[in-house]
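Visitor: I am new to this structure and would like to go through it slowly. Please show it to me first, and then take my questions one by one.

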Amino acid sequence: MMTYWSHQSISPVISAIFLAPLLFGVINWIKAFLSGRRGAPWLQPYFDLWKLMRKSAVYSRTTTWIFRAGPLVGLGAILTAAMIMPMGNIPALVSFPGDFVLFAYLLALGRFFTIIAALDTGSSFQGMGASREAYFSALSEPALLLALTAVARRTGSNSLSGMYEVLSSGSWALVSPAMVLVFIAIFIVFLTENARIPVDDPTTHLELTMIHEVMVLDHGGPDLAFINYGAALKMWILGQLLIGIVNPVHTGIMWLNQTISIVVSLSGPAIAVGLIEFSMARLRLKRVPQLLVAAGIFSVLALIMELR
Amino acid sequence: MIVFLLSVIIIVASGFAALVTRRSNSLSTFLGVGGVCAGSLIGLIPTFNVLIHGSRLSLHLPWHFAWGSFFVEIDPLSSFFLIPVFGVSILTAVYGAGYLQHYRQTHLLGVHWFFFNLLVAGMAMVAVAGNGVLFLISWEVMSLAPFFLVTFHSDQSKVQHAGWVYLVATHLGAIFLLVFFLLMGVNSGSMDFDHFNPSGYHHLSLLFLLAVIGFGSKSGFIPFHVWLPEAHPAAPSHVSALMSGVMIKMGIYGLFRSLVLLGVPSVGWGYVFIGIGLISGIAGVTFALAQHDLKRLLAYHSVENIGIISIGIGIGMLGLSWDNPVLVVMGMGGALLHVLNHSLFKSLLFLGAGSVQHASGTLEIEHMGGLLKRMPITGMTFLVGAAAICGLPPLNGFISEFLIYQGSVYGSMFLEGATVGAMPAVIAGLALIGGLAAICFTKAFGIVFLGTARREKGVSVRESRLSMKIPMLILSALCLLCGLLGADILKTAAPVLNMVTMNRFLDAIPLELIKAANSLRSVTWVFAGLILILTGLIFFRKWLLSKRYVQEGVTWDCGYIRPTSRMQYTASSFVQPVTGFFRNILQTRNIVSPPHGLFPTKVSLTTKTPDVFEKKFYSPLFEGTKRILFGLRWIQQGRIQLYIAYIVITLIILLIWKVR
């Protein structure tokens, strides 16, 4: 069996679980900083989660157990996915051939339940958000899997831990044009899956224009805490897919590697997302599929480069 | 072998008994269902015996019939397909007993059970037939019986039409099989499978083509799929479940069998299978998206899943022709597992659809809503089936798709040359199919079972009776179980894989199987982790909310005062972005009557997505045939003297031909 458990491989999971909300804090701080405001403290997401956890709950009379299961399965699937996500060259808790397929399908599981939980409310706003989420993710899934296949071809390993071990220990991956394309494709998937600009705007005030936020409109209290925490965790682990490609660190000293990885994991996606959200608006909904198809094409191109 | 024949005899005999006692619906139902259950249970004994020991059981009796001999043999391949035949038959029969209760005043159920039992026996005989003639006879029984099952509601014109489409499609396919077996028989001088010797035959590709069309039309490869979306909605649900879960797999069995009979295919055939699979998979799920008849939607998903199976076979065939056991294990193994898995979750979904139809009196998704509250068991089991068919962890659908993914990832990683392109195409195709299937089943489950009832009728809906619930519960438990035991099930496929590869990789296949099983075992560990985490979260939230006030309220409606159930999102609007994306393929027609005047009273929108292949290909084809044949109508004058003259002329011609 290719599953290995070592004391180091606990660190990707632990850092994901504890540091993921901080990512949101940093993003909000950067956005505020760039627009000349003084942002909320970095730890604000933790305060919010704590506050939500202590609230009581209100459930709609229309809903069934599906509505209550949605946040649980959403978070549970992401937590499980975190078990197979390495951090740079630090292997994940569990790794085996083809684990990246399971990773993609775990994300799909969480999404499936978020969508049906939204439909459970019987509200047309949430139905609308659910419809869009389902549509966009159907287009982003091929892009993600093809991009990871290109990485697999390049590194000769078909498990996430194996791939990123090679990527992070060799020369800087971005010297290869194929990896640049892979990076762009995964970055678009990253923005889509995390419902950020230019695909979705988490801060809009109108239900009609939202995708992810409108789906969870009816959730509150601990359920909302689960959802928000799950979103942070999802951003963290999908961010790892990107950082593993660009992060050239291989000092040979484990604790130094870990520290640098964590710093980059926090600052990298935060700066990128912050800059994008500061500088551009959300795309029109009709444009989003084109963006996602473009991501798919980048993946295909990357694969063709690797296959030749 | 005697035990197996005994089981078939029990099934057939009980069918006849049901026919004889048709005056009493309760007695004939008891006899029919009891016979299927008893016969299938007995039949499972030799089946498991063969599969576990990797042995063969056979019986060869002389039979005074042109080229025929009563040669039956259970080898590992047969036994792998016999498991769903017997297993699903039991469950659908029990369900059917409950389902048909509703019609005991209006229909003769004994006739129905007679044909049901014939179908089960026919499928069992197809799987074990070792002689071409016997195979074709069993095939005909298996193909004809469903016609009478599909036309259960024979008073509806739609059902009659569906019955005819099915009959024509299945016989067009059977013609190709007849030619296939005749060519094989003529070439090798015997119709017994073990005497078939294709090595001397030059047109191997022709034989393959005949097999692909003949068996493919039974399985529902695009473009031979048109009968599925017609026949499945028309048939009673337990029949749809059996047909979609098991009968169409006999086409896949036939393809595997012809692989055994014909030997190593040329590389091109692997690509053909992958191509057919990708087209069937993507087009199948795309058409499914646009349907709002629940069973029609499920029928198109059968096309999709047959496509996935075909992709697996294609990868395995490439492995065979490239001498690559890894591809064989991943591709063929994945295809075999998907056969088993699909037979579980598809019959589960059809049974669920039947319960829904029973309760709400309609299959129109747009009219439903909120059924989960009234039918908790049906809803929960349907959800399990929906998640399984989308390949979501921790259910069985993921296991088989994972193997096929792994095969194509392996191919993309290690193969060289221009031919590798098929492998990434498979990955992209499977990912797209998975994503679209998720849209389709969030729609199907969400609109049917969640929200509130869209029509008044939905309010009075009741959960179905126990005999319908138990098969659904068993099937959903099996979906979970097969998800967790994927590695062990894959290992039982070893003798089957050895057969299909003609023992060419006797050393390599067990080795690769262990590797594949190990990664499946890791998947299972993650599944276990997932289940553990979910359980933990459930208790965590329970603890959080234990001392607090949990309120009930209305769904947030943006301050609107009088929301109605009609304002919910509909199935059509849910999939509209996607169907818009595929509008060139789907060619959905919108029939709109827009609002008029200052105070519009009546507004309506109807969307229809007919099958493009039927509309653009088959309808013109059959219309053209009809026109040509109409040109021959002058022969038919309706005068008896003329017909006698025809007969005499024919006889004279035959006489001259014979004497000459």
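**Charges, surface and overall build**

Visitor: Is Arg257(B) buried or exposed?
Guide: The relative accessible area of Arg257(B) is 8%. Buried means under 20%, exposed over 50% and partly exposed in between, with a 1.4 Å probe and protein chains only as cover. By that scale, Arg257(B) is buried.

Visitor: What kind of model is this, and how are its residues and chains labelled?
Guide: This is a predicted model, in which local features need pLDDT of at least 70 and side-chain atom pairs count only at pLDDT 80 or more, while totals for chains, interfaces and linings use all residues; side-chain values use heavy atoms, without hydrogens and water. Residues are numbered from 1 along each chain as its sequence is written, and ligands are numbered from 1 and chains lettered from A in the order in which they are written.

Visitor: Which residue forms a salt bridge with Arg257(B)?
Guide: A salt bridge is a side-chain nitrogen of Lys or Arg within 4 Å of a carboxyl oxygen of Asp or Glu, and here the N to O distance is 3.0 Å. The partner of Arg257(B) in this contact is Asp75(B).

Visitor: How many residues apart are the two members of that pair, Asp75(B) and Arg257(B)?
Guide: Asp75(B) lies in the loop between strand 2 (68–74) and helix 3 (76–99) of chain B, whereas Arg257(B) belongs to helix 9 (residues 237–262); helices here are DSSP runs of H or I with at least four residues, strands are runs of E with at least two, and both are numbered from the N terminus. Asp75(B) is buried, its relative accessibility being 2%. The salt bridge thus links distant parts of the chain, and the residues apart number 182.

Visitor: Which residue of chain A meets Glu416(B) in a salt bridge?
Guide: The closest contact is 3.2 Å, N to O, and the pair crosses between chains, from the loop between helix 15 (396–414) and helix 16 (422–449) of chain B to helix 5 (residues 124–155) of chain A. Glu416(B) is exposed at 56% relative accessible area, while its partner counts as buried at 10%. That partner is Arg153(A).

Visitor: How far apart are the closest N and O atoms of Arg504(B) and Asp323(B)?
Guide: These two residues form a salt bridge within chain B, one that joins the loop between helix 19 (494–500) and helix 20 (508–546) to the loop between helix 11 (294–321) and helix 12 (325–360). Both are partly exposed, Arg504(B) at 35% and Asp323(B) at 48%. The distance between their closest N and O atoms is 2.3 Å.

Visitor: How many salt bridges does a search of the whole structure find?
Guide: Among the contacts in chain A is a network of salt bridges that links Arg111(A), Glu141(A), Glu193(A) and Lys234(A). Over all chains, the number of salt bridges found is 14.

Visitor: Which helix of chain B supplies the largest share of the nonpolar surface patch?
Guide: Patches take residues with over 30% relative accessible area and no salt bridge, joining nonpolar side chains (Val, Leu, Ile, Met, Phe, Trp, Tyr) within 5 Å and like charges within 9 Å. The nonpolar patch covers about 980 Å² and includes Trp67(B), Leu172(B) and Phe617(B), of which Trp67(B) is exposed at 52% and sits in the loop between strand 1 (57–65) and strand 2. Helix 6 (157–188) and helix 23 (612–630) each give at least two residues. The largest share, seven residues, comes from helix 6.

Visitor: Which residue of chain B takes part in the positive surface patch?
Guide: From chain A come Arg284(A), Lys286(A) and Arg287(A). Arg287(A) is partly exposed at 39% and is placed in the loop between helix 10 (254–279) and helix 11 (288–307) of chain A. The member from chain B is Arg583(B).

Visitor: What is the radius of gyration of chain B?
Guide: Chain B has 24 helices and five strands. The globule rule, 2.2 Å times the number of residues to the power 0.38, gives 26 Å for 660 residues, and chain B comes close to this, so it is as compact as a globular protein of that length. Taken over C-alpha atoms, its radius of gyration is 26 Å.

Visitor: What share of the residues of chain A count as buried?
Guide: Chain A has 11 helices and one strand, and its C-alpha atoms fill a box of roughly 55 × 50 × 40 Å along the principal axes. Of its 308 residues, the share that count as buried is 65%.

Note on methods. Accessible areas come from the Shrake-Rupley method with a 1.4 Å probe; for residues, only the protein chains shown count as cover. Lys and Arg count as positive and Asp and Glu as negative; His and the chain ends are not counted. The place of a charge is taken as NZ of Lys, CZ of Arg, CG of Asp or CD of Glu.
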